[in-house]
Number of protein chains: 2
Amino acid sequence: MAKNLVQNITPRDKNFADWYTDVVREAKLCDYSNVKGCLNYLPNGYAIWENIKNDLDKRFKDTGVENVYLPVLIPESLLATEAEHIEGFAPEVAWVTMGGNEELEERMCIRPTSETLFCDYWRKAVRSYRDLPFVWNQWNTVLRWEKTTRPFLRSREFLWQEGHTLHATYEEAEERTIQMFKVYYDFLTESLAIPLVAGKKTDWERFAGAQDTYTCEAMMHDGRALQSATSHFFGSGFPDSFGIKYLDKENNLHSCYETSWGLSTRSIGAIIMVHGDDKGLVLPPKIAPTKVMIIPIAMHKEGVLDKANELKDKFNELGIKCKVDDTDKTPGYKFAQQEILGIPFRVEIGPRDIENGEFILVRRDNDEKITLKFDEIEKVFDIIEKMQKDMYDKADKFLHDHLFETEDYEELKKITKENIGFVKVPLCNDEECEDYIKYDTGGFSSRCIDSEHKVKKTTKCIRCGRPATDYVYFGKSY
Amino acid sequence: MAKNLVQNITPRDKNFADWYTDVVREAKLCDYSNVKGCLNYLPNGYAIWENIKNDLDKRFKDTGVENVYLPVLIPESLLATEAEHIEGFAPEVAWVTMGGNEELEERMCIRPTSETLFCDYWRKAVRSYRDLPFVWNQWNTVLRWEKTTRPFLRSREFLWQEGHTLHATYEEAEERTIQMFKVYYDFLTESLAIPLVAGKKTDWERFAGAQDTYTCEAMMHDGRALQSATSHFFGSGFPDSFGIKYLDKENNLHSCYETSWGLSTRSIGAIIMVHGDDKGLVLPPKIAPTKVMIIPIAMHKEGVLDKANELKDKFNELGIKCKVDDTDKTPGYKFAQQEILGIPFRVEIGPRDIENGEFILVRRDNDEKITLKFDEIEKVFDIIEKMQKDMYDKADKFLHDHLFETEDYEELKKITKENIGFVKVPLCNDEECEDYIKYDTGGFSSRCIDSEHKVKKTTKCIRCGRPATDYVYFGKSY
């Protein structure tokens with residue numbers, strides 16, 4: 001029975017795409033709904049999203065962010081206020097044309113993103129410098145009429161947060177863009193144990209209407225990139241389109257500067273594809289809804305279940321979320337199930353352990369067995385920290401083992417042909433060179449600029465030989 | 001300037017409806033958006049909703065509820081599966097007819113409620129008794145094409161939670177219905193300090209498709225009723241419509257039993273209309289986002305602001321959310337603003353207080369001033385409890401002062417003409433009698449049955465004189 005469970009999961013290195021959908025299904029994270037292109041987020045998946053929300057929301061609020069909620073609908077004329085924006089989104093929105101039995105005078109779309117709604121509010125709310133800044137965020141659902149669906153990675157409807165801020169000065173807005181980019185960086189590396197390649201997008205990969213886009217790019221176990229969070233600086237373009245101006249201290253009318261930044265349920269896909277293994281999901285302890293699953297051995301022997309429950313209460317009192325699996329399945333089946341679900345720790349406890357005053361803690365990521373006395377339970381805090389760090393280090397080693405670098409075009413072709421991963425090359429700031437590389441390497445697109453590695457005067461674009469402006473990471477993306 | 005602030009609020013007893021909208025506007029809780037019928041939930045309002053969510057969600061989870069997220073769209077054929085349900089909702093939903101540039105083959109509505117989506121999932125997921133029960137909830141947004149809008153009370157889009165559960169037996173489902181009704185009762189009375197008249201709805205006021213509806217009815221300061229939470233028992237009607245059956249232990253196919261239960265952002269309206277006064281909002285301490293606002297007196301004198309900040313840190317360390325108003329406005333203006341926002345406590349602290357090693361705490365609900373030494377700050381916990389209880393008691397007195405009871409029709413007419421509030425009367429179980437009373441009293445509709453007050457064999461329906469089945473509360477409703 002235990003074997004059967006694992007047999008439902010395709011080995012990861014045999015077929016990564018199948019492995020992914022198998023893990024999502026067997027861990028009951030989400031499910032295709034009968035509403036085409038939309039997902040049902042089931043308890044196991046949604047609980048991860050709740051933990052992501054709680055963690056990230058606290059980080060936002062520590063920087064002064066306030067949460068709001070703006071409408072789910074956007075009238076067509078409002079979506080059309082900023083030219084690049086409507087061009088980017090109109091082909092992929094769902095249109096409401098009837099309310100009850102009446103045809104609407106103007107059709108409205110379900111928001112694909114809410115820049116236009118925020119600007120619409122601000123043009124009413126902003127009068128003077130005293131009204132600024134606005135540092136707002138909302139946790140909500142958005143809809144984009146995608147043709148294909150992959151659990152967490154691509155679906156018509158997805159859950160996310162979208163932060164929107166408005167400032168009196170260019171500098172303050174730019175600083176906020178970078179500040180939120182750093183919040184994402186810290187969250188992804190610290191809480192999700194996901195190492196990143198991060199930085200500015202090139203001019204051709206920015207968000208529709210943005211002046212700068214900062215991105216956190218994670219490397220999945222198949223070497224592909226998952227854009228895990230982005231932070232956009234709009235300058236004054238967007239607010240100017242909406243006529244948002246403020247009176248400064250000298251009573252002069254002045255432009256406002258805007259940012260927006262978001263992270264979505266895609267990040268659950270990143271957790272799965274960075275940390276998962278052949279046995280299923282592996283959740284970093286900091287984000288796991290249940291940290292410890294106690295599996296009693298010889299459960300029906302006197303005192304075993306009592307001791308298991310006593311131990312569970314102790315874990316929970318310490319704030320370490322713990323459950324006991326007291327169903328009538330075999331321990332082997334329960335082990336397999338706990339492993340599929342990615343619960344970071346399993347406790348094995350049977351009559352002999354109880355006699356010895358101890359229990360066995362098993363780490364999900366490396367199967368390490370740790371024997372602990374009942375009065376040593378607080379040691380688990382250190383073990384949690386250790387596991388979180390080890391998971392990051394392991395993923396970081398994988399990332400660095402698959403980071404390549406070259407200034408020679410033929411070598412670039414060789415690298416992209418023979419390896420999975422990202423490759424960094426010097427590039428001029430020309431869309432044509434990016435497009436050519438993408439086409440010529442079978443899909444390696446520009447992920448972001450390496451801000452720390454500056455080009456020299458003599459550095460040449462790997463494609464065209466003209467002077468390079470930046471070192472840029474390329475990778476195949478989800 | 002301080003006077004001006006309050007002058008923006010119509011006195012409560014002069015015009016209750018104007019007072020309500022003034023408070024919502026001046027406390028910046030929410031705002032009419034340019035999307036007709038939809039609201040912008042601003043930071044001050046949304047923060048209250050976040051606290052409601054956190055509190056209630058914990059109560060749900062303590063009873064074993066798991067959170068999920070199901071799609072925002074419902075195909076028309078799915079909405080139509082249960083006859084009474086589609087009849088109730090079809091006239092008031094928003095229809096999506098286009099995706100991108102393509103006309104849809106089947107139109108879909110934005111969910112007005114999600115019973116049909118849950119049943120659609122369950123008909124796929126339920127096979128045997130081992131799969132049951134499902135005890136699920138989601139926090140989301142719903143849309144109903146209303147004609148009129150009143151902040152928090154009525155709008156096309158509103159935020160809520162909708163719990164949906166599926167059980168193997170009638171008894172278990174009925175028990176869950178009542179359990180969640182009690183969770184709401186406890187939450188509303190304990191956390192929002194709102195006293196209730198609560199019980200079963202009569203047969204004519206139930207939710208579309210339900211067999212029983214339990215309701216929590218709160219009395220607003222104008223004597224009108226606000227339905228603040230409902231819990232529905234569907235029996236097996238809904239699941240049967242969807243063909244959801246399970247194999248029991250004896251391998252017989254068996255019906256499932258369903259419940260649903262919800263509480264929405266209307267509850268914010270209830271807080272305002274139960275507790276608010278001429279100076280603005282009054283928030284019960286347990287639900288207030290900011291519990292204490294420190295307003296320094298003679299702020300620019302040396303040491304005042306430092307001491308204010310030191311005190312703020314102490315409050316926050318104790319988990320009592322506290323802010324300092326260090327803007328360049330006058331203390332009088334700041335007092336008025338803190339009062340409008342309904343922040344439960346104000347701290348006044350100036351040079352003389354600091355010299356005496358003390359500060360003054362002012363209760364928002366009754367203006368009581370309490371002088372505390374700096375090392376007595378923990379006394380605030382008791383003061384919070386006291387204020388929460390006093391607010392409940394005050395509202396409870398108001399409720400009981402406006403609860404009437406009669407078995408004589410002429411007296412009922414007199415009571416409803418001369419008083420605001422609810423009136424309890426014996427009633428037969430006939431829709432016509434309910435309708436007649438509503439028409440004849442200018443709008444007193446049946447709110448709920450008093451389950452503790454049983455009719456005698458000789459008790460007669462106040463309207464028709466036939467034997468009464470129940471004592472029923474009537475009131476004008478929002």
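This text walks from the domains of one chain to the pairing of two chains, and then to a single strand. The model is a predicted one.

Start with chain A. Its domain assignment gives three stretches: domain 1 covers 2–275, domain 2 covers 292–389, and domain 3 covers 403–475. Look at domain 2 and domain 3 of chain A. Their C-alpha centres are 49 Å apart.

Now bring in chain B. Two copies of a chain are related by a rotation about an axis and a shift along it. Here, chain A falls on chain B after a rotation of 180°, with 0.0 Å of shift along the axis and an RMSD of 0.0 Å. That relation is the one a two-fold axis gives. Where does chain A come nearest to the axis, judged by C-alpha atoms? At A:Val96, whose C-alpha is 2.1 Å from the axis. Both copies use the same surface, and 100% of the contact residues of chain A recur in chain B.

Next, zoom in on strand β11 of chain B, residues 225–235. Ten of its eleven residues are buried, so the rest of the structure largely encloses this strand. Buried here means under 20% relative accessible area.

Which strands pair with β11(B)? One is β10 of chain B, residues 212–219, which runs antiparallel to β11(B) and is joined to it by eight bridges. Within this pairing, B:Met219 has B:Ala225 as its bridge partner. Five residues lie between the two strands of this hairpin, and B:Gly223 takes a positive phi near 85°. Another partner is β14 of chain B, residues 257–264. It pairs with β11(B) over five bridges, again in the antiparallel sense. There, B:Ser231 stands opposite B:Trp261.

Definitions and conventions. Residues are numbered from 1 along each chain as its sequence is written. Chains are lettered from A and ligands numbered from 1 in the order in which they are written. This is a predicted model: local features need pLDDT of at least 70, side-chain atom pairs count only at pLDDT 80 or more; totals for chains, interfaces and linings use all residues. Side-chain values use heavy atoms; hydrogens and water are left out. Domain bounds come from an automatic or database domain assignment. Copies are superposed by least squares on the C-alpha atoms of residues with pLDDT of at least 70 in both. Contact means heavy atoms within 4.5 Å. Buried means under 20% relative accessible area, exposed over 50%, partly exposed in between (1.4 Å probe, protein chains only). Helices (H or I, at least four residues) and strands (E, at least two) are DSSP runs, numbered from the N terminus. Two strands pair if DSSP finds at least two bridges between them.
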